[in-house]
Amino acid sequence: MATVDSEFRRPSSLDVAIELEQQISVQSQIEGAVRQRLLDSGYHALRKVECYYDAGVLTLRGRVPSFHQKQVAEGLVGGDLVRVVVNQLEVVARPQWDLVPPGIWRKERLRRGKR
């Protein structure tokens, strides 16, 4: 009959270090591949997106100018080892209008002597 001690072997510190090194290697490979996909996307804003991978979960962080680019980023990063994508990208659109009415702007230019 086997004893509990013979069935359970406590991992040595060397085994733990090797496993940790392998996990870090896989993590950096996945993050590098995701960054390359974002760089190759053709969207300038996606070049600034940060990505972090840990245990099958890929997190995207940063700012993009449109919801479309947020969705594109999420679609680009899937893979075999990525089980879940946490999309924390913030959509920050630039305003396409001016808050100063045109008449006020013209009056200010006339006041300064410019036409």
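This passage describes the nonpolar core, helix α3 and the salt bridge of a predicted model. Local features were taken at pLDDT of at least 70 and side-chain atom pairs at pLDDT 80 or more, whereas totals for chains, interfaces and linings use all residues. Residues are numbered from 1 along each chain as its sequence is written, and side-chain values use heavy atoms, with hydrogens and water left out.

The largest nonpolar core (buried Ala, Val, Leu, Ile, Met, Phe, Trp, Tyr and Cys residues joined through side-chain atoms within 4.5 Å) has 15 residues. Those with the most contacts inside this core are Val 34, Leu 38, Leu 46, Val 49, Leu 58 and Leu 60. At least two core residues come from each of α2 (13-39), β1 (50-54), β2 (57-64) and α3; helices (H or I, at least four residues) and strands (E, at least two) are DSSP runs, numbered from the N terminus. Not counting residues up to four places away in sequence, Leu 58 has contacts (heavy atoms within 4.5 Å) that include Val 34, Cys 51, Tyr 52 and Val 86.

In helix α3 (residues 67-76), Gln 69, Lys 70, Val 72 and Ala 73 are buried, where buried means under 20% relative accessible area, exposed over 50% and partly exposed in between (1.4 Å probe, protein chains only). These four residues lie on the same side of α3, because they cover an arc of only 160° around the axis, taken from the directions from the helix axis to the C-beta atoms. Phe 67 and Gly 75 are exposed on the face turned away from the buried side.

One salt bridge (a side-chain nitrogen of Lys or Arg within 4 Å of a carboxyl oxygen of Asp or Glu) was found in the whole structure. The side chains of Glu 90 and Arg 63 meet in a salt bridge at 3.6 Å, N to O. Glu 90 lies in strand β3 (residues 84-91) and Arg 63 in strand β2, so the pair ties together parts 27 residues apart in sequence. Glu 90 is partly exposed, with a relative accessible area of 40%, while Arg 63 counts as exposed at 56%.
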